[in-house]
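User: I'd like to learn how to read a structure like this one, feature by feature. Could you walk me through it?

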Amino acid sequence: MKSLAELEAIRKATLSRINVRTDEKTDTTRVVIGMATCGIAAGARPVMLSFMDEIQKRQLAHVSVSQTGCVGMCRLEPMVDVILPGKEKVTYVHVKPEMVPRIVAEHIVNGRPVEEYTIGAAENA
Amino acid sequence: MKEIALHLLDIVQNSVKAGANHVDIDFELDADGVLAMSVKDDGCGMSPEFVARVRSPFVTTRTTRKVGLGIPLLMQNAVQSGGKVDIESEEGKGTTITATFHTASIDCLPLGDLASTVATIIMGSPDRPEFSLHCASPAGDMRFSTEEIRPVLEGVSLAEPDVVQWIQQSLQEEIEPILGGIMR
């Protein structure tokens with residue numbers, strides 16, 4: 001097992017970041033991933049881990065990743081909602097791990113949704 | 001589903017929704033190549049009538065839609081390999097679901113990425129329930145539990161990206177020597 005000492009170090013590093021985060025609670029960006037049977041079968045697990053990976057690499061302190069159930073559009077899974085503070089929800093469909101770095105960089109960091117991956121683009125195609 | 005581990009990710013949601021405080025996940029591979037995956041929870045349990053119907057794809061507790069494919073798909077893949085699914089449940093006590101897979105069968109799914117699955121499960125329910133994982137095979141065994149690491153974290157969430165990565169990597173290291181032979 002990787003050592004618990006390592007986990008202890010992670011705790012300390014995280015605590016210092018969390019202090020920054022609580023000061024800006026209203027600024028939290030939410031990433032919500034569909035993880036019901038349909039989402040899982042379509043490949044939601046690697047998508048979720050890619051988001052975690054990307055957020056960790058960039059050390060983004062104001063982003064929370066969570067899971068949700070089936071919203072009834074199983075054919076569009078894996079689906080990911082990105083909700084920037086004070087902005088409307090943007091829904092990405094047929095998300096693959098390769099698409100995640102762009103969504104994080106362009107949308108979460110720079111505030112411009114990646115139009116071509118959104119549900120609007122998929123439905124009009 | 002393309003991996004047995006993805007079925008785990010799916011059916012564990014049933015335990016979480018049942019309000020469990022403890023979910024014990026167990027993988028045991030015997031010398032004949034039979035893999036038993038079991039998920040034991042202390043959630044609300046099911047009535048005998050509901051257990052009798054729960055394998056049907058048209059039975060679900062959700063109210064938005066009338067289909068629930070988690071258990072039927074698990075059954076399909078277990079049975080296809082020559083295995084089966086057992087469900088034991090008692091109202092107020094909890095549920096144990098056990099699926100067996102004959103890994104030597106050409107129709108058996110690979111185990112898949114169990115470490116990522118367990119990390120994803122914990123990330124999805126970081127506060128409750130407590131999860132434990134036990135893996136055993138003729139090559140050895142391992143145990144992991146969220147109750148073990150929670151005190152070390154002193155209130156830092158198990159859903160923190162750095163923590164999730166630590167869980168995933170340490171599980172990966174420990175599971176590989178035990179179940180590596182049936183992962184891919």
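User: Among contacts in chain B between residues at least 6 apart in sequence, what percentage join residues at least 24 apart?

Analyst: Happy to start there. Two residues are in contact if their C-beta atoms, placed from the backbone, lie within 7 Å. Among such pairs in chain B that are at least 6 apart in sequence, 66% join residues at least 24 apart. Before going on, please note that this is a predicted model, in which local features need pLDDT of at least 70, side-chain atom pairs count only at pLDDT 80 or more, and totals for chains, interfaces and linings use all residues. Residues are numbered from 1 along each chain as its sequence is written, while chains are lettered from A and ligands numbered from 1 in the order in which they are written.

User: What confidence scores come with the model, and what pLDDT does chain B average?

Analyst: The model has an ipTM of 0.89 and a pTM of 0.93. As for pLDDT, it is the predictor's confidence in each residue, from 0 to 100. Chain B averages 95, and 100% of its residues score at least 70.

User: How does the radius of gyration of chain B agree with that of a compact globule?

Analyst: The radius is taken over C-alpha atoms, and the globule rule is 2.2 Å times the number of residues to the power 0.38. For 184 residues a compact globule would come out near 16 Å, and chain B, at 16 Å, agrees. Its C-alpha atoms fill a box of roughly 45 × 40 × 25 Å along the principal axes. A residue is buried if 20 or more other C-beta atoms, placed from the backbone, lie within 10 Å of its own, exposed if 12 or fewer, and partly exposed in between. Buried residues account for 46% of chain B.

User: How many helices and strands does chain B have?

Analyst: Helices (H or I, at least four residues) and strands (E, at least two) are DSSP runs, numbered from the N terminus. Chain B has six of each, and along the sequence they follow α-β-β-α-α-β-β-α-β-β-α-α.

User: In what order do the strands of the sheet in chain B stand?

Analyst: Strands of a sheet pair through backbone hydrogen bonds, either parallel or antiparallel. Here, two strands pair if DSSP finds at least two bridges between them. The six strands of chain B form an open sheet in the order β3-β4-β2-β1-β5-β6, with mixed pairing. β3 (85-90) and β6 (140-145) of chain B each have a single partner strand, so one side of each edge strand lacks a neighbour in the sheet. The twist averages 10 degrees from one strand to the next; axes are lines fitted to C-alpha atoms, for helices over the stretch in contact, and angles run from 0 to 180 degrees between N-to-C directions.

User: Which strands of chain B run parallel, and which pair in the antiparallel sense?

Analyst: β1 (residues 22-29) and β5 (residues 130-137) of chain B run parallel, joined by seven bridges, with H22(B) opposite E130(B). β2(B) and β4(B) are antiparallel over eight bridges, and there M37(B) has A99(B) as its bridge partner. β3(B) and β4(B) are antiparallel too, over six bridges, with I87(B) partnered by I97(B). These two form a hairpin with three residues between them, where G92(B) in the turn has a positive phi of about 85 degrees.

User: Which helix lies across β1, β2 and β4 of chain B?

Analyst: That is α1 (residues 4-17) of chain B, running at about 20 degrees to β2(B).

User: What about unusual backbone geometry: which peptide bonds are cis, and where does E154(B) lie?

Analyst: Most residues other than glycine have a negative phi, and most peptide bonds are trans. In this model the bond from E77(A) to P78(A) is cis, with omega near -5 degrees, and so is the bond from R128(B) to P129(B), also with omega near -5 degrees. P129(B) sits in the loop between α4 and β5 of chain B. E154(B), which is not a glycine, has a positive phi of about 45 degrees. E154(B) lies in the loop between α5 and α6 of chain B and counts as exposed because it has 10 C-beta neighbours inside 10 Å.

User: Finally, how many residues of chain B are in contact with chain A?

Analyst: 29 residues of chain B are in contact with 23 of chain A. The largest share of chain B's side, ten residues, comes from α6(B).
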